[in-house]
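Welcome, and thanks for taking a look at this one with us. The report below walks through the ligand site, the sheets and a few backbone details.

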Amino acid sequence: MEKLVINGGKKLHGSINVKGAKNCALKVMAASLLTDGVFNIKNVPEIEDVFRLQEILKDLGCKAKRHKKGEWSFQADNIHKIELDKNLVPKLRSSVLLIGPLLTRFKKVKMPHPGGCAIGKRPIDIFISGFKTLGAKVKCDEQGYIFEAKQLIGAKLAFPKISVTGTETMMMAAVLAKGKTTLINSACEPEIKALADFLNSLGAKISGAGTPTIEINGVEKISGGSFTVIPDRIEAFSFLALAVATNSHLEIKKCNTEHLTIPLLVLKEMGVKMKIGNDNIKITDASCLTAVNVTTHEYPGFPTDCQSPLTVALTRAKGESYVSETIFEDRFLYTDFLRRMGADIQMINQQKISITGPSVLTGKKVESPDLRAGIAMVIAALMANGKTEIDNIYQIDRGYENIDARLRRLGADIKREKYI
Ligand code: EPU
């Protein structure tokens with residue numbers, strides 16, 4: 001077990017490169033099960049979630065190789081198991097992504113209950129009804145789920161609620177299904193379009209990805225190929241929030257600013273001055289911040305994953321800000337820690353908080369309840385006067401590569417320590 005020890009209250013300097021998107025890399029890795037061809041994937045972030053998924057893929061018989069930093073290959077030409085490991089699945093909620101490709105190619109999948117997590121209940125009803133619509137039989141008992149289908153059959157499938165992995169899973173399932181599938185009320189995240197574009201380059205027939213209506217014409221097989229993971233828009237925003245929170249003139253490089261339109265609009269509304277290029281953003285002035293009212297929303301709205309980093313930065317803003325969370329039930333757990341550090345945050349209800357600023361934060365012992373709350377704690381610690389210790393940093397390592405070393409290069413006083 002490790003913790004981060006941070007001495008805050010200093011300005012940071014320089015530039016930082018954004019890594020490949022976790023929520024793109026995981027999907028493309030899962031898609032490797034759709035073919036016996038080789039997937040060569042570049043710009044894969046070196047994060048715990050990627051390591052967990054490759055363990056699960058290997059356990060099924062997929063050949064997963066890390067050739068050098070950020071470069072992996074996957075080949076599912078010898079899958080000998082269609083049962084996801086009951087010890088591995090609880091470590092990675094995204095294991096549900098494997099059901100679609102496994103079911104469509106191998107006709108049967110067994111999966112233990114994936115469980116909830118710190119950010120909310122996270123049911124899988126959308127997946128179950130989606131597979132049933134494509135003709136699968138789904139059984140559930142105490143051990144978990146069994147999905148079976150001799151052949152998935154294309155159909156019109158309307159999602160009752162917008163779901164990112166739901167959309168990706170059904171899109172992958174439909175690639176080898178018989179006939180045409182139409183997905184209605186799909187999620188529009190850029191990672192979904194990136195996955196669809198890649199699958200099309202391998203022979204799939206998907207149109208409309210990135211819009212609410214996606215059409216997939218089933219094909220008999222797809223080939224292997226090469227893919228470069230798109231930049232992580234959530235990591236990019238986390239570093240922007242860090243720059244704003246610490247009033248530092250950082251440059252965020254290797255991002256895709258087109259994917260950050262609404263988050264950048266929110267920063268502008270807060271009074272942050274920036275130079276925005278196609279793949280880089282420089283914060284030029286964040287000295288005077290004003291309060292804003294922000295509600296999380298599916299893409300292209302303000303992402304739920306950016307909510308906690310933004311809240312930390314808002315503790316510096318003058319006046320009363322409001323942040324509403326509409327995607328997950330329990331995404332304000334970290335605000336308890338921020339309050340302990342001196343933030344003036346009130347829970348208006350379970351889904352809405354107010355932040356009155358500016359307040360001065362002081363270092364404390366805190367935890368990282370989930371991945372994005374964890375990076376919010378790092379940002380708060382770097383803003384705060386004095387020493388902060390952050391526990392449970394596996395959560396941060398799940399999605400941010402080598403965060404301590406990368407932030408040290410910006411002048412941060414941050415180190416990783418083992419518990420004695
Ligand atoms: N939902 C259901 N039933 C389902 C599936 C989802 O009710 O069967 C609900 C969820 O409980 C939630 C809403 O639908 O209230 C939206 O959830 P969604 O399915 O879109 O979330 P997800 O696909 O599981 C992905 C990201 C999350 C990100 C959300 C929302 C991946 C691997 N994860 O999760 O990323 O917050 O979309 O954008 O892509 C993170 O990176 O830290 C993270 C949590």
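## Before we start

Two strands are said to pair if DSSP finds at least two bridges between them. Please keep in mind that this is a predicted model. A good example of a bridge is found in the sheet described below: Asp 344 has Thr 356 in E20 as its bridge partner.

## The ligand site

Let us begin with the ligand. Its shell consists of 23 residues, and the closest are Lys 27, Ser 163, Thr 165, Asp 305 and Ile 327. By character, the residues of this shell split into ten nonpolar, eight charged and five polar. Four helices each supply at least two residues of the shell: H1 (22-31), H4 (125-133), H5 (164-175) and H11 (371-383).

Several side chains offer polar atoms to the ligand. In Thr 165, a polar side-chain atom lies 2.2 Å from a ligand oxygen. Asp 125 has a side-chain N or O atom 2.7 Å from a nitrogen atom of the ligand, and for Asn 23 the distance from a side-chain N or O atom to an oxygen atom of the ligand is 3.1 Å. How much of the ligand does the protein bury? Taken alone, the ligand exposes 830 Å², and the protein buries 91% of that.

## The sheet built from E17 to E20

Here is a sheet worth rotating on your screen. It is open and has four strands, in the order E17-E18-E20-E19, with mixed pairing. Strands E17 (293-295) and E19 (344-349) are its edges, each pairing on one side only. On average, neighbouring strands of this sheet are turned by 20 degrees against each other, direction ignored.

Strand E20 (residues 352-357) pairs with E18 (residues 319-324) through six bridges, and the two run antiparallel. E20 also pairs with E19, again in the antiparallel sense, over five bridges. Thr 356 is a handy landmark in E20: Glu 320 stands opposite Thr 356, and Asp 344 has Thr 356 as its bridge partner. E19 and E20 form a hairpin, with two residues between them. Across E17, E18, E19 and E20 lies helix H9 (residues 307-314), which runs at about 175 degrees to E18.

## The sheet that includes E1

Now for another open sheet of four strands, this one in the order E21-E22-E1-E23 and also with mixed pairing. Which strands are at its edges? They are E21 and E23 (413-418), each of which pairs on one side only. The average turn between neighbouring strands of this sheet is 25 degrees, direction ignored.

Strand E1 (residues 2-8) is joined to E23 by six bridges in the antiparallel sense. Within this pairing, Ile 6 has Ile 414 in E23 as its bridge partner. Helix H11 lies across E1, E21, E22 (386-391) and E23, running at about 35 degrees to E1. You have met this helix already, as H11 is one of the helices that supply at least two residues to the shell around the ligand.

## Backbone details in the loops

Finally, a few spots in the loops deserve a visit. The peptide bond from Tyr 299 to Pro 300 is cis, with omega near 10 degrees, and Pro 300 sits in the loop between E17 and H9. That loop therefore joins two elements already introduced above, as E17 is an edge strand and H9 lies across the sheet.Another cis peptide bond runs from Gly 357 to Pro 358, with omega near 0 degrees. Pro 358 is in the loop between E20 and strand E21 (365-367).

Where does Asn 185 lie? Its place is in the loop between strand E10 (180-184) and helix H6 (190-201). Phi of Asn 185 is near 65 degrees, a positive value in a residue other than glycine.

Conventions: Residues are numbered from 1 along each chain as its sequence is written. This is a predicted model: local features need pLDDT of at least 70, side-chain atom pairs count only at pLDDT 80 or more; totals for chains, interfaces and linings use all residues. Side-chain values use heavy atoms; hydrogens and water are left out. A residue is near a molecule or strand if one of its heavy atoms lies within 4 Å of it. A polar contact is a pair of N or O atoms within 3.5 Å; within protein, one must be able to donate a hydrogen and the other to accept it, and residues adjacent in sequence count only if both atoms are side-chain atoms. Accessible areas come from the Shrake-Rupley method with a 1.4 Å probe; for residues, only the protein chains shown count as cover. Ala, Val, Leu, Ile, Met, Phe, Trp, Tyr, Cys and Pro count as nonpolar, Asp, Glu, Lys and Arg as charged, and the others, Gly among them, as polar. Axes are lines fitted to C-alpha atoms, for helices over the stretch in contact, and angles run from 0 to 180 degrees between N-to-C directions. Contact means heavy atoms within 4.5 Å.
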